[in-house]
Amino acid sequence: MRYHTPDSFEDASAIAAAASGTTRFLAGGTDVLVQLRSDLVEPDDLIDVKHIPGVKDIAQTADGGWRIGAAVSGAEMMAHAGLRAAWPGVVEATDLIGSTQIQTRCTMVGNLCNGSPAADSVPALVAAGATATIVGPNGTREAAVEDIPTGPGRLSLAKGEVVSALNLPAGHGGDAYLRFIPRTEMDIAVVGCGVSLARDGDVITSARVSLGAVAPTVLLVADAATALIGSRLEEAPLAQLAAAASAACNPIDDKRGTIKFRTHVAGVLAQRAAKIAYDRAGA
Amino acid sequence: MAFDEKTEGFNVVGTRPDRPDGIDKVTGRASYGADASKAGMLHGAILRSPHAHAVIKSINLDKALALKGVKGVVTRADFAEGLTGENWNVLENVMAGEKALYDGHAVAAVAATSQLIARDALKLIEVDYEPIPHVTDVDKAMQPDAPVIREGQASKAVPAGMHPNVVDYHESGHGDVEAGFAEADLVMERTFTTEATHQGYIEPHACLATLGGDGRGELWCCTQGHWNVQKICAALVGIEQSALRVTASEIGGGFGGKTAVFIEPVALALSRKTNRPVKIAMPRADVFKATGPTASTSMDVKIGLKKDGTMTAAWGEFRSQGGAFPGSPFSFTAMCAFAPYALENVKQIGYDVMTNRPKQAAYRAPGSPMAAFAVESLLDEMCNQMGLDPLEVRLKNASKQGTKASFGPTWDRIGLVECLEAAKEHSHYAAPVPEGAGRGISCGFWFNHGGETSVTLAMSEDGTAQLMLGTPDIGGSRASMAMMAAEELGIPYEHVRATVADTATLGYNEVSHGSRVTYASGLATIEAARDTVKKLCARAAAKWGIDEDAVVWRDGCAVPSGPNAGDFDPLPIGQICRKMGATGGPIVGHYEATPEGAGVSFAVHIVDATVDRETGATSVDRYTVIQDAGKAIHPDYVEGQYQGGAAQGIGWALNEEYIYGEDGRLQNAGFLDYRIPVASDLPMIDTVIVEVPNPGHPYGVRGVGETSICPPLAAIANAVSNAAGVRMKDLPMRPSRILDALDG
């Protein structure tokens, strides 16, 4: 195994592009190192991006949006008052990952690129309309977060491409993320749901609803958003929201939950997350 | 040794000093199983079967042995032959013979110059398996068409015509159960199941072994009983017991799971093969797959109850699987089931069943928590149906001194009634059940144990004491023993250093199990201290020129027994010890015995829980443990045992389980999907120490470590069932199971 510490994403991309065997990028390492120890992967090239200038930065852009570097940890996001105020759902989703110790290492980019449908921060990012900045052999591009995972452990990134940062739009309403786990922490989502919405007075003017752990990838559920838009979150649209969320589910039966359970709880969480996001948007 | 009939006036006993091992543990100085190293040491790794049941047709080691850094490989051929009984079972478990019997069963082991090389070498071992049908469920394993794990294992007690997987049978009771049911106003029968759970100790098994061609060896390991390790390992590698010196490391949790051996004989065999020290530390996945979880059970229970709350009869059949070997705690399950109740008519039957799972090991009151879950759940349902107070019904039927126990003996002095009275008076039980919550209570029982015990107490010249114990400290026992020695010697607690001695420096000690340590090692410590005091008094008598019987010990000094004995100033322990070399030599007290007066222990738990009816999630909101300790030597550690048992019970009741796939493979061999409770899952667990003295201990001590896990499964299930409005009869009560129950 070769260990690399490039000082730019262009160099990181070039190393990955030239590599012939198994390549892994290392930021917090909370997935890669565990996989290494569990014998799930033995990379030929391990590319540590933490030495690249700017990877630990949380920056507000000129249009009021946010740019979060690839090595920003969950704990650093929690400590950032501005980001928390703008996107509480995204920050709280990231905060749910692992333990206090893991929080000092884990990153949203890593969470995304691990490709797990149960990743906690990804549904929140998708609901928020986040994009990823991707550096590759052909230059830099941007892609919607929901377009990056293509299946469990699989991404739409081309060989040599690496995510350098995540971009959140200017906060314009309220967002929330909820997950169901059998315990109260230190667990993996059986179902996750992100909701982001904006209000004009009491009426919801725009919304995005996402689901995690109920399909091979995190889902952006258009029908669920449609149920919300134009409503004041009355009983009928909430019921439509739950039905749309449940209808979108395509889960598996496994040790963490049954199809029936996941499908039902997706609707429950969608309603609960929508209520939180609604209150936040009105605040 | 009988109770001293003294319940107060102690100087040290009953106080809460710091534990002697505390600083070492919080600073990282304590040496656990994996913390030992030796020059020239190799690292061992074990290859495990990926199949639930398979014939091992051949094992090819050539490629592994050719890897640079690999120094040796062992298979079954490298262990003793001709073993019988439990020694054969243990060997078969630590290294497979003709068949792999479960997912994770060891088939070969490598010693190499690094852990990474050892792991790589495992991938080069070629095993030709022929998978054969498997069974992991206890009820299915008893069916006529079930795959046979191994023929000819059944004891003579097993009734004719049963499947060969049924290897043992228990039946006990008294009276006429059918006549008793005929007297009842309500008779109800229910079936309950529990899944296997793991002790979940934080420290994986680890050891460092040296065994030379001369047949002499040294072993450092984390264990609850190093003489037991010595005995079994010597047999498995074919050497004499005394040729193997075993030292118990500091232990990061055991809960019964470290009373067995798994990797130690393998490390010894690798050391002998390579002529180098060999260290093995188990990965967590191996701990789940290949150590000893507890049994899973399937149970039918039937109770008859009168309108006034009198239990007229009780009957139960308890089926228990303990993996691919005999030895599940089926008889304990049967015997504990109705132990809390004075019953004229009672019968319990138990079956020990083999399956393609790892060989079970003890887990805190083995077998009892499941029995309590079945019996106490049924009792709760019947009380609900008849409009009876569940605590009053338990009080009305409670076992007391003189009651003929459900499994035979007549109870001596026991404390169940006192626990139930304490529960009734507790603010928790008096408080109304919170809106939306459910309340559950349960009794629990455990036998407790004595066992072979040996203690030495050696005085130092400065009057401080060195206490050598043979029972590894799994619950603060060094503190408790030092307190009892200090109490007897009349010196400060800090003046006693308690150490767990190795097998070469003390007489045989049975494993730290059966909640026996504070009782048996405590009793032996008191006796060794009294032996020491006698010798100290003899030195004073010699100095004063009076009869030994005319000297008594008071507050750390020898004093004349009365005015007639003579007029001498008190002679402090330090002065006697300073001159011991010149007055007769070292002063050392001993005690060796197999004490048999371990008093049984009962507990009552009260739980409030709520259920999220939309997701099936459960929250344990309030928890109270009431238990008879006989006499609490160090109340902090008694309370810690009470809380620990409740915490493990909460995990077992709600989310912990061994999950097997259709392929017979374990699906959740890690702490992510094997869900022990995290701190935020638990409420503050309130405790009440009841002290009804054990007649068989000088201070009245009863073991407390195990009884605390007997009531939680039932108390939580009763609380959850009452909160949800549906009876939960299968554990764990995972959210999907609760939602399904709510759906009807």
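This report describes a small part of a predicted model: a sheet in chain B with a helix packed on it, and a pair of crossing helices in that chain.

## The sheet

Chain B contains an open sheet of 3 strands, arranged in the order β20-β21-β22 with antiparallel pairing. In general, the strands of a sheet pair through backbone hydrogen bonds, in either a parallel or an antiparallel manner. The edges of the sheet in chain B are formed by β20 (551–554) and β22 (571–572), each of which pairs on one side only.

Strand β21 of chain B, residues 557–560, is joined to β22(B) by 2 bridges, and these two strands run antiparallel. Across this pairing, B:A558 stands opposite B:L571, a residue of β22(B).

## The helix on the sheet

Helix α16 of chain B, which spans residues 517–544, packs on the sheet and touches β20, β21 and β22 of chain B. The direction of α16 makes an angle of about 125° with that of β20(B).

## The crossing of two helices

Elsewhere in the description of chain B are helix α18 (residues 635–654) and helix α19 (residues 712–724), whose axes come within 8 Å and cross at roughly 55°. An angle between 35 and 65 degrees counts as oblique, and α18(B) and α19(B) are therefore oblique to each other. Their crossing is right-handed.

On the side of α18(B), the residues in contact are B:G645, B:A646, B:G649, B:I650, B:W652, B:A653 and B:L654; they meet B:P712, B:L713, B:I716 and B:A717 in α19(B). By class, the contact between α18(B) and α19(B) comprises 9 nonpolar and 2 polar residues, with no charged residues.

Notes
Residues are numbered from 1 along each chain as its sequence is written. Chains are lettered from A and ligands numbered from 1 in the order in which they are written. This is a predicted model: local features need pLDDT of at least 70, side-chain atom pairs count only at pLDDT 80 or more; totals for chains, interfaces and linings use all residues. Two strands pair if DSSP finds at least two bridges between them. Helices (H or I, at least four residues) and strands (E, at least two) are DSSP runs, numbered from the N terminus. Two residues are in contact if their C-beta atoms, placed from the backbone, lie within 7 Å. Axes are lines fitted to C-alpha atoms, for helices over the stretch in contact, and angles run from 0 to 180 degrees between N-to-C directions. Angles under 35 degrees count as roughly parallel, over 145 as roughly antiparallel, 65 to 115 as roughly perpendicular and the rest as oblique. A crossing is left-handed if the near helix is turned anticlockwise from the far one by less than a right angle, and right-handed if clockwise. Ala, Val, Leu, Ile, Met, Phe, Trp, Tyr, Cys and Pro count as nonpolar, Asp, Glu, Lys and Arg as charged, and the others, Gly among them, as polar.
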